[in-house]
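Please examine the sequence and the three-dimensional model shown here. The paragraphs that follow lead through the structure step by step.

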Amino acid sequence: SRWWRNPAPFANRTVLVIGSRASGSDITRELAMYDELVGRESKGKRIYQSVRGKVEIAVREQVGWAGRIHVVGEVERVEGGRLMLKGGSILEGVETIVFATGYLYR
């Protein structure tokens, strides 16, 4: 997230943001709002946010753009193009991963 400037380079891409604190939440919000702001349809792109533990998402039901965010668990490992999540779920088709500040990605 240190080099994040704006969501434009990620238009129409499936993105995973790892982190739910200030920078991770801000980046996820900007990605979700971008198409709406520029009057463009998101052509099949998905926005995932990987979080640790339980996250309060009640506000997402009240704000239209927030419904575009899919909250997922922690990423345990990456195998090829597949992201293995804690609990056994698998994400595929993620084109870009944004590591939010403070996340150890080793």
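Trp4 and Phe10 are both buried in this structure, which is a predicted model. The count of aromatic pairs in the structure comes to 1. Trp4 and Phe10 form this pair, and their rings are stacked, with 5.2 Å from centre to centre and 10° between the planes. An angle under 30 degrees counts as stacked, so the 10° between these planes places the pair in that class.

Trp4 and Phe10 also belong to the largest nonpolar core, which has 12 residues in all. The other members of this core are Val15, Val17, Ile27, Leu31, Ala32, Ile47, Trp65, Ala66, Ile69 and Val98. Strand S1 and helix H1, which spans residues 22-38, each supply at least two residues of the core. Helix H1 gives the most, with 3 residues. Apart from this core lies another one of 9 residues, among them Tyr48, Val72, Val75 and Leu91.

One member of the largest core, Trp65, may be followed further. Not counting residues up to four places away in sequence, Trp65 touches Arg29, Ala32, Met33 and Glu36. Of these, Arg29 is found in helix H1. Is Arg29 buried or partly exposed? With a relative accessible area of 30%, Arg29 is partly exposed, because this class lies between the 20% limit for buried residues and the 50% limit for exposed ones. The C-alpha atoms of Arg29 and Ala66 are separated by 7.2 Å, although the two residues are 37 residues apart along the chain.

The wider arrangement of the chain can now be described. Its secondary structure comes to 1 helix and 7 strands. Along the sequence, these elements follow the pattern β-α-β-β-β-β-β-β. The chain has 106 residues, and buried residues make up 35% of them. Its accessible surface comes to about 6,900 Å², and 48% of this area belongs to carbon and sulfur atoms. Contacts between residues at least 6 apart in sequence can also be considered: 56% of them join residues at least 24 apart.

Two residues in the segment before strand S1 deserve attention. Asn12 lies in this segment and has a positive phi of about 60°, although Asn12 is not a glycine. Most residues other than glycine have a negative phi. Asn12 is partly exposed, with a relative accessible area of 28%. Thr14 also lies in the segment before strand S1, which covers residues 15-18. Thr14 has a relative accessible area of 9% and is therefore buried. The side chain of Thr14 reaches the backbone nitrogen of Arg46 at a distance of 3.4 Å.

Next come the strands and their pairing. Strands S1 and S2 run parallel and are joined by 4 bridges. Within this pairing, Leu16 stands opposite Tyr48 in S2. Strands S2 and S3 also run parallel, and 4 bridges join them. Here the bridge partner of Ile47 is Ile69 in S3. Ile47 and Ile69 are both members of the largest nonpolar core, whereas Tyr48 belongs to the other core.

Which residues lie on the two sides of strand S2? Ile47 and Gln49 lie on one side, while Tyr48 and Ser50 lie on the other. These residues are all buried, and both faces of the strand are thus covered. Gln49, placed in strand S2 at residues 47-50, has a relative accessible area of 2% and so counts as buried. Gln49 and Ile97 are 48 residues apart in sequence, and their C-alpha atoms are 9.8 Å apart in space.

The path ends in the loop between S2 and strand S3, where Val51 is found. The relative accessibility of Val51 is 6%, so Val51 counts as buried. Leaving aside neighbours within four places in sequence, Val51 is in contact with Ser20, Val71, Val72, Gly73 and Glu74. Among these partners, Ser20 is 31 residues from Val51 along the chain, yet their C-alpha atoms are separated by 5.6 Å. Another partner, Val72, is a member of the core of 9 residues.

Definitions and conventions: Residues are numbered from 1 along each chain as its sequence is written. This is a predicted model: local features need pLDDT of at least 70, side-chain atom pairs count only at pLDDT 80 or more; totals for chains, interfaces and linings use all residues. Side-chain values use heavy atoms; hydrogens and water are left out. Buried means under 20% relative accessible area, exposed over 50%, partly exposed in between (1.4 Å probe, protein chains only). Contact means heavy atoms within 4.5 Å. Accessible areas come from the Shrake-Rupley method with a 1.4 Å probe; for residues, only the protein chains shown count as cover. A polar contact is a pair of N or O atoms within 3.5 Å; within protein, one must be able to donate a hydrogen and the other to accept it, and residues adjacent in sequence count only if both atoms are side-chain atoms. Rings of Phe, Tyr and Trp (its six-membered ring) pair if their centres lie within 6.5 Å; planes under 30 degrees apart count as stacked, over 60 as edge-to-face and the rest as tilted. A nonpolar core is a set of buried Ala, Val, Leu, Ile, Met, Phe, Trp, Tyr and Cys residues joined through side-chain atoms within 4.5 Å. Two strands pair if DSSP finds at least two bridges between them.
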